[in-house]
Each structure stands twice: as C-alpha cells, then as structure tokens.
Amino acid sequence: MVDIGTVEVIPPAEVEDVELYHPKSWVTKYVFCQDAKVIAIQYSITAISIGLVALVLSWFIRLQLAFPGTFSFITPSNYYQFITMHGMIMVIYLLTALFLGGFGNYLIPLMVGARDMVFPYVNMLSFWVYFLAVLVLVASFFAPGGPTGAGWTLYPPQAILAGTPGQDWGIILMLASLILFIIGFTMGGLNYVVTVLQGRTRGMTMMRLPLTVWGIFTATILALLAFPALFVASVMMLLDRVLGTSFFMPAIVQAGEHLKYGGGSPILFQHLFWFFGHPEVYIVALPAFGIVSDLISTHARKNIFGYRMMVWALVAIAVLSFIVWGHHMYISGMNPPFGFFFATSTLIIAIPTAIKVYNWVLTLWRGDIHLTVPMLFALGFIVTFVNGGITGLFLGNVIVDVPLSATMFVVAHFHMVMGIAPILVVFGGIYHWYPKITGRMWNERLGQFHFWVTFLGAYLIYFPMHYLGFIGVPRRYYELGETAFVPPSAGTLNVFITAAALIVGAAQMVFFFNLIWSLFKGKRAGGNPWRATTLEWQTPQTPPGHGNWGKELPIVYRWAYDYSVPGAEQDFLPQNQPPAKRMPVAAPS
Amino acid sequence: MNITFIFLAVVAAIVAWWLSQQRITAKPWLEAGSIVDTGASSRPAAKIGLGLFLVIVGSLFALLISAYSMRMDMGEWRPAPVPKLLWLNTGVLISSSGALQWAQIAARRGKMDGVRAGLLAGGVFALAFLAGQLWAWRQLDAAGYYLTANPAAAFFYLITGVHGLHLLGGLVALGRTMDKAWRAVTAGELRLSVELCAMYWHFLLLVWLIFFGLLLLTDPIVSDSGLVSLICRIL
C-alpha cells in the first residue's frame with residue numbers, strides 16, 4: 001500500500017503536469033476567467049455584496065421591533081419580506097457561497113498543491129450561474145408585489161397563496177433563483193471534491209491535508225447530497241405555483257372560494273426542506289471548523305491537538321447531520337417515537353462537536369499564543385459556538401423545544417451558532433489570508449477595533465434575546481401590541497438590542513475600509529507573514545501567479561502542523577521541506 | 001424517506017470503503033518523509049467527476065421517488081394507471097444502453113466502425129425512448145390524468161420529465177462524442193468519452209428501472225399479490 005521508509009528527497013520528476021488554460025484577453029483574465037483564484041474573488045465579492053443587502057434588511061427588522069409603527073416604509077408586508085430575504089440571503093447566498101465558492105476556490109488548489117481546479121471551465125460556469133441566481137434574487141425586489149414574504153423556510157401552502165407578500169412574482173423568482181443556485185453550486189462542488197481527490201500533489205496524502213481542506217471537502221459532499229432535496233422541493237413548489245399541480249397543496253377554501261388545489265401534502269415539503277435544511281447548518285459550520293483549526297494552530301504556534309480525531313469528528317458530524325432534520329419539525333406534530341429518535345440523534349451530534357471544541361482548547365493549552373486579529377476572531381468563534389451550541393442542546397429536546405420554538409430564544413440560538421460563529425470565522429479567514437491574496441498587510445489597530453466591536457456587539461444583541469424568548473416574546477411578529485404576559489421592559493430591551501445592532505452593522509464599514517485602504521497603502525506582507533506551514537504560504541510569488549507554482553509542483557514531506565519543532569532553524573517546518581537526511585523515520589503503526 | 005436512506009447507506013458504504021483506503025488511522029505527525037502513494041485513484045479525473053455527478057443525480061432521484069412513496073402513504077391516494085407503452089419504452093432504453101456498451105467494447109478493441117455504429121444506435125434509441133415517453137404522456141393526458149388532475153399523475157409527469165431532461169442532457173454529450181468519432185482517427189482518442197457516455201446511460205437506465213418497478217408494484221391491478229404489497233409496505 002503506502003511505502004514509507006526512505007527519507008531521501010524525492011527527485012522532482014514524473015508529475016504529470018496539467019495543461020493550463022491561458023487567458024488571452026482582459027475579459028478572459030478578469031471576467032470569464034477560469035483561474036480558481038479569480039473565481040474565488042468573484043464569488044467572495046458577489047456574496048459579500050448581497051450579504052450587505054441582507055445586513056441592511058436586518059436593520060429594518062430591528063427598527064420595526066424597537067420602534068413599532070414609527071417607520072412608514074415598514075408595513076407588515078414589507079416586514080415579512082425583509083425577514084424572508086434576510087434569512088435566505090445570509091444562509092445560502094452569503095455563507096454557503098462564501099465558504100465553498102470563496103474560500104474553497106482560493107484555498108483548495110493552493111493547499112493541496114495543484115495548479116488549478118480539475119475542471120476549470122465548469123468552475124467558471126459555476127460562478128456565472130451563481131451570479132445569475134443572485135441577479136434573479138435581486139430582481140424579485142423590483143418585481144410587482146416585491147420579493148416573497150413567506151419566511152426563509154417558504155412553507156406551503158401559505159408561500160404561494162394570496163395574502164402572502166410576493167405571491168405574484170416574488171415566490172416564482174425566489175424558487176427560480178434557488179434552482180439556479182443549486183445548479184451553479186453543483187458545478188463548483190464537483191470541482192472542489194474531485195480536486196481534493198485527484199489533484200493532490202506528490203506526498204500529499206489525505207491525512208496530511210490541512211483541516212481547512214478537510215472541512216471544505218466534507219461540507220461540499222454534504223451540500224452535494226443535501227441540495228438536491230431543496231432542488232426537488234423548489235421544482236415541485238414552482239409547478240404548484242405556475243402550473244397548478246398539488247404536490248404540497250391540500251384542498252383549500254380561501255375567502256369562501258374553493259381553490260383549484262387538492263390532494264397535496266404540506267408536511268412533505270417540510271420533510272424535503274429540512275432534509276436539506278439541517279445539513280445546511282453543517283455546510284456552513286464544517287468549513288468554519290476547518291479554518292478555525294488552522295488559525296488556532298498557526299497563531300498559537302502549536303500543532304493541532306488530535307488531528308485524527310478532528311478528521312473523524314468532521315466525518316461523524318457529516319454523517320449524523322442527515323438523520324436529525326426532524327428536530328425542526330417538532331411543532332409540526334409527529335409520532336412520539338420519531339420525536340425521541342430525532343432528539344437522541346440531535347444530542348449525539350454534541351459528542352463529535354465537543355471533541356472538536358476540546359481539541360481547539362487543548363491546542364491553545366501551553367501554546368505560544370499570538371493575539372493577532374485572525375486569532376482573536378478564532379477565539380471569538382470558539383466562545384460563540386459553545387454558547388450557541390449549548391442552547392441547541394436545550395432545543396434538541398422535544399419538550400423544551402415545543403414552548404420555545406416560536407419565541408426569540410430560537411432566533412438567538414441560531415444566530416449565535418450559525419450566524420455569528422461562522423461570520424467570525426469568515427472575518428478571521430479573510431484577515432489571515434488577505435496578505436497572501438493581495439501581498440499586503442492590513443492595519444492592525446483597525447482590525448482589533450473591528451473585532452472587539454463585532455464580538456462584544458454580537459453578545460449585546462443576542463444575549464438579551466434569549467431572555468426575551470424565555471418570557472415568551474414571539475418571533476416573526478410584526479408588532480406585539482398589548483400583550484398581558486410581555487412586560488413593558490421587553491420593549492426597552494428591544495430598543496437596546498436595536499441600538500447595538502445598528503452600531504455593530506455600521507462598524508463593519510471599518511472592515512471594508514481597512515481591506516480597500518490596505519490594498520493600496522498596506523505594508524508589503526512578504527510571502528509568509530504568519531510563518532505558516534501549509535503550502536499556500538510557500539508559493540514562489542505573492543500573490544500566487546497563474547498556475548500557482550513555479551516550474552515544478554511542490555512535494556510534500558510532512559503534515560500541516562509542524563510548529564515549535566525542537567531543533568528546527570525557525571520554529572516551524574513547511575510541508576514541502578524535506579526531512580533532515582538519514583534521520584530514522586517511524587514505521588507506520 | 002426509506003428509499004433515500006437506502007441510497008444514503010450505499011453512498012456511506014462507498015465513502016467508508018474509500019476512507020479505509022486513505023489510512024485514516026495513520027499518525028501523520030510521526031511520518032515525516034516521502035510518501036509515494038497519495039491514495040489518489042489511477043482513473044482519469046473526468047471519470048471520478050462523472051461518478052460523483054451520478055451520486056448527486058442519484059440523490060435527486062432518490063428524493064423524488066421518496067417524496068412519491070411518502071405521498072402515497074399520506075392518505076387520499078388515487079393511483080394513476082401505468083401506460084402499457086412504458087414496457088416498450090423500457091425495451092428501447094435497454095437497447096440504447098446496450099448499444100453504448102457495445103460502442104465501449106469496440107472502443108477498447110480499437111474498432112472505429114463498431115464505435116460509430118454503437119454511438120449512432122445508442123443515440124437513435126435514446127431519441128426513440130424520449131418520443132415514446134412523450135407519447136405515454138399524451139396517452140395519460142387523454143385518459144383524463146392530466147398534470148393537475150391528481151398527485152399521482154403529477155408525480156408521474158415530474159419524475160419522467162426530470163429523467164427525460166437528464167437523458168436530453170446526455171444526448172448533448174453523446175452528440176459531441178459522435179462529432180469526435182467521425183473526425184478522430186483512432187479509437188484510443190475516443191475511449192474515455194465513449195466510456196463516460198455509457199456510464200451515464202447505464203445509470204439513467206437503472207433509475208428508470210427502479211422507478212418503473214415502483215410504478216408497477218403500486219399499480220392497483222398488479223399489486224394484488226401478497227408479496228408485492230409486502231414490498232410496498234417496506235418501501
């Protein structure tokens with residue numbers, strides 16, 4: 001099988017070099033480009049731009065909650081449209097696209113030591129189909145009746161019935177956009193997986209891959225298997241809406257009139273949606289897990305604790321995420337044994353997840369911790385993820401979920417665990433790899449300011465929200481009005497949360513200013529400012545040129561975490577550094 | 001969701017087998033040095049890519065068929081009749097797959113004439129299958145089972161439609177392969193393309209056979225026997 005034993009440097013030869021596509025004009029170099037690095041930037045800019053739209057929408061939501069009835073442009077219909085588009089954009093068009101399309105495209109070829117993705121043309125198509133999906137989504141804002149206001153879960157029958165905002169065009173454009181997104185993602189996902197499988201350079205075994213690649217790889221497989229469920233659900237609902245089939249539509253009498261529908265099942269949609277929806281949480285979380293592992297190891301100058309366990313835990317979480325979707329449907333009503341099954345499987349996920357958290361903490365233990373900006377974000381992630389995860393343990397139980405499910409507690413939970421936590425990693429990752437992508441270093445002070453405002457601000461927003469949920473403040477409501485069980489102080493708390501949300505949102509401008517300003521005025525970063533071991537920091541040029549590597553592909557001799565190596569010249573050994581000659585090598589156990 | 005779970009179990013088994021080949025119990029921190037075998041497959045990337053794509057398409061069809069069978073159990077289910085024409089269509093699709101298999105064998109043996117004949121026959125049979133499916137749609141429609149008539153009919157149109165679209169997409173790839181086949185001089189240049197087409201066709205045939213089998217099992221006329229209803233209950 002695997003032959004280990006000699007430590008001689010492998011002579012650079014016999015690596016079959018791929019034929020690279022060479023751009024011939026400005027258009028093929030920057031617009032219809034097949035270079036994964038350019039595609040990554042395109043994906044990231046598009047995702048972040050549409051994400052900013054969703055951020056503004058969240059401000060509108062918060063303004064309405066704090067000052068109900070004050071703003072004339074926030075009608076009940078608009079409010080539901082804002083909620084729907086905020087959720088949909090953040091989860092799918094921002095986080096999924098940014099982690100897999102952005103980080104995946106940039107990092108996979110570089111980290112595995114490839115010149116590019118294996119199918120560059122399909123990769124280019126992937127971005128442009130995604131871009132089209134975003135355009136269709138944006139178009140729904142301008143369509144007659146506006147975007148859909150069905151909630152990001154788009155539950156039928158209300159999603160396509162009159163009375164729901166955006167029933168004319170919004171819902172059709174939304175479903176069309178999702179279908180396009182999934183087609184585009186599938187094209188990209190094929191690339192990410194096959195590149196990891198087949199594009200690895202010599203010496204790069206799976207168990208030598210950085211955990212970032214493992215995280216993105218596992219998440220992509222999850223996404224490729226789970227997105228078809230959303231695809232099926234979207235196609236079926238589109239047929240219900242446009243052609244009048246009744247896949248999800250039961251017989252309905254509306255305003256005294258018998259609608260043409262009959263014989264469909266709304267619960268069927270919920271099963272399909274959450275069969276996609278729960279893995280989606282891990283599609284966003286697993287890349288974050290991977291990236292955070294690398295940030296912590298690099299900035300604490302210590303090898304990752306329990307590398308194998310980290311890999312196994314990723315795989316275990318991926319497998320388990322397919323059998324827990326029912327915990328989103330407790331209040332839809334279900335057979336008690338099913339509830340028991342889903343609650344148990346949900347709680348079991350805590351085990352591999354806890355393994356990862358322990359391993360991050362144990363990596364920090366007695367490490368040489370550098371509180372750089374990427375490290376601050378990584379640490380912020382651990383704390384936030386644990387917080388959000390623990391409320392998840394509450395909600396995983398049927399009897400706790402039933403009273404809390406329709407309250408602000410759930411809003412606080414999922415924003416902590418799959419909103420704030422992954423976004424902190426996105427920031428950490430951008431700060432970490434920015435010097436490689438641009439060749440320049442950002443401003444440290446502004447970065448620290450950005451971290452503290454975002455991190456503390458997120459807690460000011462979401463911690464009080466848990467209490468609102470406990471006292472029974474419902475989510476999704478446009479206005480509470482006079483409610484006996486909600487004390488007036490809840491209104492004051494809402495004003496506080498809104499103030500925090502406005503400040504945190506505005507503070508993100510500092511981040512964008514820092515990135516753009518540093519692009520022109522930042523200090524030259526050099527090839528490897530973090531003294532990191534992984535291959536992307538060992539490229540001959542910074543930013544990496546077309547084809548990533550020089551004449552020869554790198555050869556990998558060791559795993560990705562040789563930090564603080566005793567007796568080493570520096571305190572780390574890059575993955576492509578050959579071992580000292582004639583050193584005995586441990587036989588594989 | 002049982003069909004989806006069976007599908008996922010098969011995928012999980014493949015992943016487990018693959019992981020077992022990747023030395024996931026290795027201790028990479030102890031293994032500085034050269035490792036010659038990275039665990040990558042010796043097959044071409046295009047083949048791995050198509051295999052992965054088929055897993056995704058498989059997931060799509062498993063979910064569609066799962067939704068269909070779940071809906072069946074939810075009460076108020078009135079099945080649609082199975083057009084007899086589907087038997088003929090099944091035969092045509094098998095012939096199409098067989099022709100491409102023949103082309104594949106010819107490509108391996110280096111016989112260009114066989115490759116061309118196989119590809120052409122495969123394409124013609126596939127077009128005939130699509131025409132037959134459209135004809136079956138018309139028959140159902142004429143019998144009063146139009147798209148919006150009831151969920152069983154809607155599922156039939158949806159699943160056959162999605163299957164047909166995938167075959168249509170395959171025909172584009174087959175057309176490009178045929179274009180190459182009439183230009184290329186040696187069968188060696190064509191071998192990979194022909195193999196990919198054959199793989200895709202066999203897969204779509206398998207999907208069709210599973211769906212057609214399910215249709216027959218749940219047909220009220222056929223499913224009177226005890227064994228059939230037992231299988232239905234399991235699925």
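Of the 589 residues of chain A, 56% count as buried, in what is a predicted model. Chain A holds 15 helices and four strands, and among its contacts with a separation of 6 or more, 81% join residues that lie 24 or more positions apart. On the other side of the interface, chain B brings 44 residues into contact with 56 residues of chain A.

**Overall form of chain A**

- For a chain of 589 residues, a compact globule would have a radius of gyration near 25 Å, and because chain A has 25 Å, its value agrees with that expectation.
- Taken along the principal axes, the box that the C-alpha atoms of chain A fill is roughly 85 × 55 × 50 Å.

**The side of chain B that touches chain A**

- The contact between the chains involves 44 residues of chain B and 56 residues of chain A, and on the chain B side at least two residues each are supplied by helix H1 (2-20), H2 and helix H5 (151-183).
- H2(B) gives the most to this side of chain B, with 13 residues.
- Divided by class, the residues of chain B on the side that touches chain A are 28 nonpolar, ten polar and six charged.

**Helix H7 of chain A against helix H2 of chain B**

- The axes of helix H7 (residues 266-299) of chain A and helix H2 (residues 45-73) of chain B come within 10 Å and cross at roughly 150°; since angles over 145 degrees count as roughly antiparallel, H7(A) is therefore roughly antiparallel to H2(B).
- The crossing in which H7(A) passes H2(B) is right-handed.
- From H7(A), the residues A:Leu268, A:His271 and A:Leu272 meet B:Leu63, B:Ala67, B:Met70 and B:Arg71 of H2(B), and by class this contact has five nonpolar, one polar and one charged residues.

**Helices H4 and H5 within chain B**

- The axis of helix H4 (residues 112-142) of chain B comes within 10 Å of that of H5(B), and the two cross at roughly 160°, which means that H4(B) is roughly antiparallel to H5(B).
- H4(B) passes H5(B) in a left-handed crossing, and the contact of H4(B) with H5(B) has, by class, 17 nonpolar, six polar and one charged residues.
- H5(B), besides its contact with H4(B), is one of the helices that supply at least two residues to the side of chain B that touches chain A.

Definitions and conventions. Residues are numbered from 1 along each chain as its sequence is written. Chains are lettered from A and ligands numbered from 1 in the order in which they are written. This is a predicted model: local features need pLDDT of at least 70, side-chain atom pairs count only at pLDDT 80 or more; totals for chains, interfaces and linings use all residues. Axes are lines fitted to C-alpha atoms, for helices over the stretch in contact, and angles run from 0 to 180 degrees between N-to-C directions. Angles under 35 degrees count as roughly parallel, over 145 as roughly antiparallel, 65 to 115 as roughly perpendicular and the rest as oblique. A crossing is left-handed if the near helix is turned anticlockwise from the far one by less than a right angle, and right-handed if clockwise. Two residues are in contact if their C-beta atoms, placed from the backbone, lie within 7 Å. Ala, Val, Leu, Ile, Met, Phe, Trp, Tyr, Cys and Pro count as nonpolar, Asp, Glu, Lys and Arg as charged, and the others, Gly among them, as polar. The radius of gyration is taken over C-alpha atoms; the globule rule is 2.2 Å times the number of residues to the power 0.38. A residue is buried if 20 or more other C-beta atoms lie within 10 Å of its own, exposed if 12 or fewer, and partly exposed in between; C-beta atoms are placed from the backbone.
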